[in-house]
Amino acid sequence: MLDTFAIDIQPTATSRLAELDPANMEFGKLFADHMLTVEFTDGEWQQPRIVPYGPLTISPANSALHYGQAIFEGAKAYRQADGSVALFRPLDNWRRLNASAERMAMPTVPEDIFLQGLRELVKLDAGWVPDTAGSSLYLRPFMFATDGFLGVRPSEKYHFGIITCPVAAFFTKPVRVRFEQKYVRAAPGGAGYAKNAGNYGAAMLPSKLAQQEGYHQLLWTDASEHQYVEESGAMNVMFVIDGVIITPALSTSILDGITRRSVLELARDWGLPVEERRVSSREVVAAIQEGRLTEAFGVGTAATIAPIATIGYEGHNYDLPALLDDAFARRVGAALEAIRTGHAADPHGWMVAV
Ligand SMILES: *Cc1c(COP(=O)(O)O)cnc(C)c1O
């Protein structure tokens, strides 16, 4: 990290902070005053700038719009017990952004632009980091192609930006999900491990159909047999069966979630049995029927931990037992929250002060 790295800062003349109502924060609606922008031209990243949040001008022939060269990240900044602000595992987001960039034939972003850009931006908009329990400032780094050229080839120009928005604690009603056995989110060798925009676009119809049937989300299964669990919407998924924490092993069709990684690290710290392997829908359903499955939950930056209440499979709904107070999902959610807000020690060095 270069302390001397200079970012041009053009502060806003009219802060919108007064519009922020900590009691009514809807995800992704109200953005903080500033954004980071950096252009990639002539084979290199240009001067990073922090400017007032606002529209961008793009060519109608922009190749991200036509061919989908667009990727993003999701991270959070947390108000600390001492009033300061810190980022959770931002370098993991940086590495994953670059893994996504490589898969999409886009340029990688240097660490100093990403990290220093994020820190300067959050420092400038620190007043937007809420301090109510479970709240945070959601950080959305993103990159897209900007060539105004309809030929199909990797763009020569790109925009890297970061926008941020305050978010409340994500109180999920226990989630209803169903195994998806027709549509596919990602296939081996595809781009499922990349956080690229197209993965989301293609998931919208199947997700909408599931919502019309009363489910909140899908449990995606593998592309060839529709048997093995992959992940759920924008979350990875975990099960506790016979006291063992089980999650699908990573592959080219599964997003390598930072929450997933953090939960597994804490489970291992606590000496709990963890298995990263293939998990079939039949195994999950049998374990529910036999009373051996005690927990199922999604893990991701937005919700942290989203307990699953019901799983649909082949036209039947299987209700899961209510989570006990000492359930792993609850304990690990609380432990993560304590580390993120500076209320507990951070033995893995996950937090980065802004
Ligand atoms: C972002 C994302 C996740 C969760 O990753 P986190 O780093 O934990 O937020 C899981 N699945 C998909 C498809 C995602 O895009």
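**View 1. Methionine 143 in strand S8 of the predicted model.** Strand S8 spans residues 136-145 and holds methionine 143. Methionine 143 is buried, because its relative accessibility of 0% falls under the 20% cut-off. Beyond residues up to four places away in sequence, methionine 143 touches Trp45, Gln69, Ala70 and Ile71. Its contacts also include Ala101, Met106, Pro107 and Val109. Tyr158, His159 and Phe160 are on the list as well. Proline 90 is 53 residues from methionine 143 along the chain, and their C-alpha atoms are separated by 16 Å.

**View 2. Helix H2 against helix H3.** H2 covers residues 90-103 and H3 covers residues 111-124. Their axes lie 10 Å apart, and the helices pack at an angle of about 140°. H2 is therefore oblique to H3. The crossing is right-handed. From H2, the residues that meet H3 are Pro90, Leu91, Asn93, Trp94 and Leu97. From H3, they are Glu111, Phe114, Leu115 and Leu118. By class, seven residues of this contact are nonpolar, one is polar and one is charged.

**View 3. The surroundings of lysine 195.** An unreviewed UniProt entry annotates Lys195 as "modified residue: N6-(pyridoxal phosphate)lysine". Lysine 195 sits in the loop between strand S10 (175-179) and helix H4 (197-212). Is this loop residue, lysine 195, buried or exposed? Lysine 195 is buried, because its relative accessible area of 11% is under 20%. Leaving aside neighbours within four places in sequence, lysine 195 is in contact with Ile71, Phe72, Glu73 and Gly74. Arg96, Ser100, Tyr200 and Leu255 are also in contact with lysine 195.

How values were computed: Residues are numbered from 1 along each chain as its sequence is written. This is a predicted model: local features need pLDDT of at least 70, side-chain atom pairs count only at pLDDT 80 or more; totals for chains, interfaces and linings use all residues. Side-chain values use heavy atoms; hydrogens and water are left out. UniProt positions are given in the numbering used here, feature names are shortened, and annotations may be inferred rather than shown by experiment. Helices (H or I, at least four residues) and strands (E, at least two) are DSSP runs, numbered from the N terminus. Buried means under 20% relative accessible area, exposed over 50%, partly exposed in between (1.4 Å probe, protein chains only). Contact means heavy atoms within 4.5 Å. Axes are lines fitted to C-alpha atoms, for helices over the stretch in contact, and angles run from 0 to 180 degrees between N-to-C directions. Angles under 35 degrees count as roughly parallel, over 145 as roughly antiparallel, 65 to 115 as roughly perpendicular and the rest as oblique. A crossing is left-handed if the near helix is turned anticlockwise from the far one by less than a right angle, and right-handed if clockwise. Ala, Val, Leu, Ile, Met, Phe, Trp, Tyr, Cys and Pro count as nonpolar, Asp, Glu, Lys and Arg as charged, and the others, Gly among them, as polar.
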